[in-house]
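Hi everyone, thanks for coming. Let me bring the structure up on the screen, and then we can walk through a few of its features together.

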Amino acid sequence: MNDKQHTIKAPVTVSGIGLHTGVQATMTFCPAPINHGYKFQRVDLPGQPIVDADVDNVVDLSRGTTIEQNGARVNTVEHTLAALVGLQLDNVLIQLDGPEPPIMDGSSYEFIKPLLEAGLEEQNALRNYFEIPDEIRYVDNARAVEIAGLPLNSYRLTVMVDYNSPVLGSQHASLTHIDQFTSEIASSRTFCFLHELEALYKSNLIKGGDLSNAIVVVDRVVSDEELGDLATMLGKPKVAVKKEGILNNVDLRYKNEPARHKLLDLVGDLALVGRPLKGQILAARPGHAANVAFAKRIKKKMMEAHASAVPTYDPAREPVMDINKIAATLPHRYPFLLIDKIIHLDANTVTGVKNVTMNEPFFPGHFPGNPVMPGVLQIEAMAQTGGILVLSTVPDPENYWTYFLGIENCRFRRMVKPGDTILFKCELTAPIKRGIAKMSGKAYVNGKVVMEAEMSASIVKKS
């Protein structure tokens, strides 16, 4: 799995009709900056509102996943999001001039092809994985649906479907590594049963449905009169049923194509948690309602983990910023440049690393014979870490200064000595307004808090 975040190198556009709305739409995938995530933009509406691909924005699950925010709605987002997850893309703006992404051929592959042609671009930020820490389970006994998430240092999914259908039978599909998505899952098309078709049509859905973008499973004997009615409904001169029960002799791309498509839907719906996942997902008879309910449980666990998260440091991972990039951002120099690495940086939080050695210039004069890092320098190192976060909000940080305005509720919990590695984690407590930033910070050694404080700072453009 990718270590760094990725976007696309250039915008790429697809066009087509929406599955349920039947509205012709053009959708453009655009490159986006670090920590942007997935966002849809309804460019056909006044103000061109943004809709975050977030499970909290789900408003409808009628045969697809619909999200809404800022007065704008986007229908059937799961195939589009699955393509982005499958390519391990992190930051993409999806501009749409209609209410629903094009259904294309009913799979995700027609999105993946142009995205690959545009090219993927690595960004200088680590992916913010959420690793499922312990079992997360969703059960709907009435529908015999069960989804479980288990810890795993990868992203693996297994789906089982059983519709009591003589045509489909019981089917399984698995994705053992996300790199397999494009070749094994992406081309699997959406499907429905014949007995659902008329009900969907009467419910004002599948206006854009066609035998070229969906598989219709016929699991009973159909009269010639019914076939004639179906042809009229679908706008076809004639439809037929193949022996294995697929309307109009459409060949399946895989024997278990329906199960693979259910896995595709699950990948797309779980993208709504807002972060790439690590874990093993086992799903029995999943659907959009269950997928979204399960995604909400993951996000709840994610929020709980974030509130109490102790940062971890893997020296083998490439940092977001090394000392050279830090020096290019902060004005500090020896002996006052106190941060060695930045290992995490997003819109609200930053984590910096300070390796404390006996060679620090302050140790010869601070408690000789019992070297302890001065508390004021711990605060300064934390402030420099927070300064990186504040300066990341402007496009040209080298043209700004950050100045301390205040320190409150500062506490020193444990001594810091040579040989310790300190992790400084700072988080904005409010949006930056008029150049004033407020943040909380904690310093950790070996997973334990050694110092904490609340800080405020001002960002000022150099004259």
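**A walk around the rings**

Let's start with Trp401, which is partly exposed because its relative accessible area is 32%, and partly exposed covers the range from 20% to 50%. Please keep in mind that this is a predicted model. You can find Trp401 in strand 21, which runs over residues 400-412.

Who are its companions? Together with Tyr403 and Val460, Trp401 forms a nonpolar patch on the surface, and the three share about 260 Å² of accessible area. There is also a charge to look at: Lys462 lies over the face of Trp401, 4.5 Å from the ring centre. A similar arrangement turns up elsewhere, with Lys278 over the face of Tyr129 at 4.6 Å from the ring centre.

Now, how many aromatic pairs does the structure hold? The count is two. In one of them, the ring centres of Phe29 and Phe111 are 6.1 Å apart and the planes meet at 65°, so we call this pair edge-to-face; the cut-off for that is over 60 degrees. Phe29 sits in strand 3 (residues 24-31) and Phe111 in helix 2 (residues 109-118), so to speak from distant parts of the chain, 82 residues apart. Are these two buried or exposed? Both Phe29 and Phe111 are buried.

Let's zoom out to finish. The chain has nine helices and 24 strands, and 52% of its 463 residues are buried. Its accessible surface is about 20900 Å², with 50% of that belonging to carbon and sulfur atoms.

How values were computed
Residues numbered from 1 in each chain as written. Predicted model: local features only at pLDDT ≥ 70, side-chain atom pairs only at ≥ 80, totals over all residues. Heavy atoms only, no water. Patch = residues over 30% accessible without salt bridge, like charges linked within 9 Å, V, L, I, M, F, W, Y side chains within 5 Å. Areas by Shrake-Rupley, 256 points an atom, 1.4 Å probe, with all protein chains shown as cover. Salt bridge = Lys/Arg side-chain N within 4 Å of Asp/Glu carboxyl O. Helix = DSSP H or I, 4+ residues; strand = E, 2+ residues; numbered from the N terminus. Buried < 20%, exposed > 50% of the residue type's maximum accessible area, 1.4 Å probe, protein only. Phe/Tyr/Trp six-rings, centres within 6.5 Å; stacked < 30°, edge-to-face > 60°. Lys NZ or Arg CZ within 6 Å of the ring centre and 35° of its normal.
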